[in-house]
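Trainee: Could you take me through the cysteine pairing of this protein, with the criteria made explicit as we go?

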Amino acid sequence: MQSVRHAGQPLFARGRNRRTLVAWAAVPLVVGIGIGVLIGGNLRPPSPVDDSPATPSEPVRLDYTDMPCDPGSSVLVLHSLEGAMRVEDVKTLVDYETMWVKHRENANPALRGQTALLSRRDDVCDAIVPEDSRFTQFVWIGPIQSDIAPSLCTALLKVTWENCIPAQVVR
């Protein structure tokens, strides 16, 4: 009978080589993380220091407007809002649309002097109120002449009948 000979090192020694290899591979990783933390820590801007006393923030107030319902005029309904929307979000939306109208007023002279307005459902013309009662507030601009209403949607870079509805206030 022949004895069985193992090729190479005994089994317990093979694991040592693997552990050494893993340890040497981890060293550059740890060094790289350390250098990254050192470099990155110095690149952070200092946090601003606020020396003013803390003042309680005032509650956001919305300004509602009655929609004019004169025959022959239209409004551009930009948003129909659900009642569950936060007051802060509604205010931000109205402010944004006002800013956008002012930004785009050179595209069409009829936009000059217009601002986004907010109306409650009860203060909107009957021809504009949707049947869906979820919508309780409306962001709109106007009044404007009915014949130029669709061109104002284009001037505002909005899609007519999707995010800009030229609606006659009396049908």
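Mentor: A disulfide is taken here as a pair of cysteine sulfur atoms within 2.5 Å. This is a predicted model, in which local features need pLDDT of at least 70 and side-chain atom pairs count only at pLDDT 80 or more, while totals for chains, interfaces and linings use all residues. Residues are numbered from 1 along each chain as its sequence is written, and side-chain values use heavy atoms, with hydrogens and water left out.

Trainee: How many disulfides does this rule give?

Mentor: One bond joins Cys69 to Cys125, with an S to S distance of 1.9 Å. Another is formed by Cys153 and Cys164, whose sulfur atoms are 2.0 Å apart. By the stated rule, the count is two.

Trainee: How many residues apart in sequence are the parts that Cys69 and Cys125 tie together?

Mentor: Helices (H or I, at least four residues) and strands (E, at least two) are DSSP runs, numbered from the N terminus. Cys69 sits in the loop between α1 (11–43) and β1 (73–82), and Cys125 in the loop between β2 (117–120) and β3 (135–145), so the separation of the tied parts is 56 residues.

Trainee: Is Cys69 buried, partly exposed or exposed?

Mentor: Buried means under 20% relative accessible area, exposed over 50%, and partly exposed in between (1.4 Å probe, protein chains only). Its partner Cys125, at 1%, is buried. Cys69 has a relative accessibility of 36%, so Cys69 counts as partly exposed.

Trainee: What is the angle about the S-S bond in the link of Cys153 and Cys164?

Mentor: Cys153 belongs to helix α3 (residues 149–155), and Cys164 to the loop between α3 and β4 (165–168). The link of Cys153 and Cys164 is left-handed, and the angle about its S-S bond is -75°.
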